[in-house]
Amino acid sequence: MYLKTALRPARASRESNRRGAINMEYVFGGALAVLILAAVVFAVWVAMGGSKEEERHVLKAKTYICDVCGKQYTVNLEEMTDAERRPAPTAPKVATCRKCGKKAAYQALPCPECGKVYVPLRARDPFTQEPDICPFCETNVDAYKRKKRAEARG
Ligand SMILES: [Zn+2]
Ligand SMILES: [Zn+2]
């Protein structure tokens, strides 16, 4: 083992204090074991998709609806620009339209109640105090999500 080899000269030069050197070896061995364990845990965590927080911000695909041409399209994670992948939380979620080239494509989300895709008010104005209302079924999506979360907690 590498660690034992590395420690050998130090131990030889301190032959009189042999017990101390051996103790140090145990300490280093223990620390190494902890490091390896941490590395394994981290690798598994990454393999399982990393943190939930990350998942929520980086969607596998995003749908946009353009204000100018009115077209709706979906961009996969691999095709996204950096701005599309990680939009600033304080800026409107607007991208350059893939259909007409105007910077007027807003990120749309499906309504959790009726499933229809629309651009939430918050995509245009991240600081809005207005509730997120689905334009199709008029569900208050904020209240809907709060209710679902409360139900999930039990
Ligand atoms: Zn467009
Ligand atoms: Zn709806």
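Pro110 in S4 has Val117 in S5 as its bridge partner. That contact belongs to a predicted model, in which local features need a pLDDT of at least 70 and side-chain atom pairs count only at pLDDT 80 or more, while totals for chains, interfaces and linings use all residues. Residues are numbered from 1 along each chain as its sequence is written, and chains are lettered from A and ligands numbered from 1 in the order in which they are written.

## Confidence and overall layout

pLDDT is the predictor's confidence in each residue, from 0 to 100. The protein chain averages 82, and 76% of its residues score at least 70. Residues 53–57 fall below 50, and this stretch makes 2 contacts in the model beyond near neighbours in sequence. Where pLDDT is low, the predicted coordinates should not be read in detail.

The protein chain holds 6 helices and 5 strands. Helices (H or I, at least four residues) and strands (E, at least two) are DSSP runs, numbered from the N terminus. Along the sequence the order is α-α-α-β-β-α-β-β-β-α-α.

Of the 154 residues, 11% count as buried. A residue is buried if 20 or more other C-beta atoms lie within 10 Å of its own, exposed if 12 or fewer, and partly exposed in between, with C-beta atoms placed from the backbone. Contacts are also counted: two residues are in contact if their C-beta atoms, placed from the backbone, lie within 7 Å. Of the contacts with a separation of 6 or more, 44% link residues 24 or more positions apart.

## The strands

Two strands pair if DSSP finds at least two bridges between them. The table lists pairs of strands with their bridges.

| Strand pair | Sense | Bridges | A residue pair |
|---|---|---|---|
| S1 and S2 | antiparallel | 5 bridges | Tyr64 and Tyr73 |
| S1 and S4 | antiparallel | 4 bridges | Thr63 and Ala108 |
| S3 and S4 | antiparallel | 2 bridges | Val94 and Tyr106 |
| S4 and S5 | antiparallel | 2 bridges | Pro110 and Val117 |

S4 covers residues 105–110. Besides Thr63 with Ala108, S1 and S4 are linked by Cys66, whose bridge partner is Ala105.

S1 spans residues 61–66 and has two faces. Lys62, Tyr64 and Cys66 make up the covered face. Ala61, Thr63 and Ile65 make up the uncovered one.

Two hairpins appear here. S1 and S2 form one with 5 residues between them, and Gly70 in the turn has a positive phi of about 75°. S4 and S5 form another with 6 residues between the strands, where Gly115 takes a positive phi near 80°.

## The core

The largest nonpolar core has 13 residues, and Tyr64, Ala105 and Tyr118 have the most contacts inside it. S1, S3 and S4 are the elements that give two or more residues to this core. A nonpolar core is a set of buried Ala, Val, Leu, Ile, Met, Phe, Trp, Tyr and Cys residues joined through C-beta atoms within 7 Å. In soluble globular proteins, nonpolar side chains tend to be buried together.

Tyr64 touches Tyr73, Val75, Ala95, Ala105, Tyr106, Gln107 and Ala108, leaving out residues up to four places away in sequence.

## Loops

Lys102 sits in the loop between S3 (94–95) and S4. Lys102 is partly exposed, because 13 other C-beta atoms lie within 10 Å. Residues up to four places away aside, Lys102 touches Cys66, Val68 and Cys97. Lys102 and Cys69 are 33 residues apart in sequence, yet 8.7 Å apart in space, C-alpha to C-alpha.

Pro89 lies in the loop between H4 (82–85) and S3. With 8 other C-beta atoms within 10 Å, Pro89 is exposed. Pro89 and Ala123 are 34 residues apart in sequence and 9.7 Å apart in space, C-alpha to C-alpha.

Glu138 is in the loop between H5 (121–124) and H6. Glu138 counts as exposed because it has 10 C-beta neighbours inside 10 Å. Glu138 is not a glycine, yet has a positive phi of about 60°. Most residues other than glycine have a negative phi.

## The last helix

H6 runs over residues 141–153. The expected span of a helix is 1.5 Å times one less than its number of residues. For the 13 residues of H6 that gives 18 Å, and the end C-alpha atoms are 18 Å apart, which agrees. Of these 13 residues the number buried is 1, so H6 lies largely in the open. Just after H6, Gly154 takes a positive phi of about 90°.
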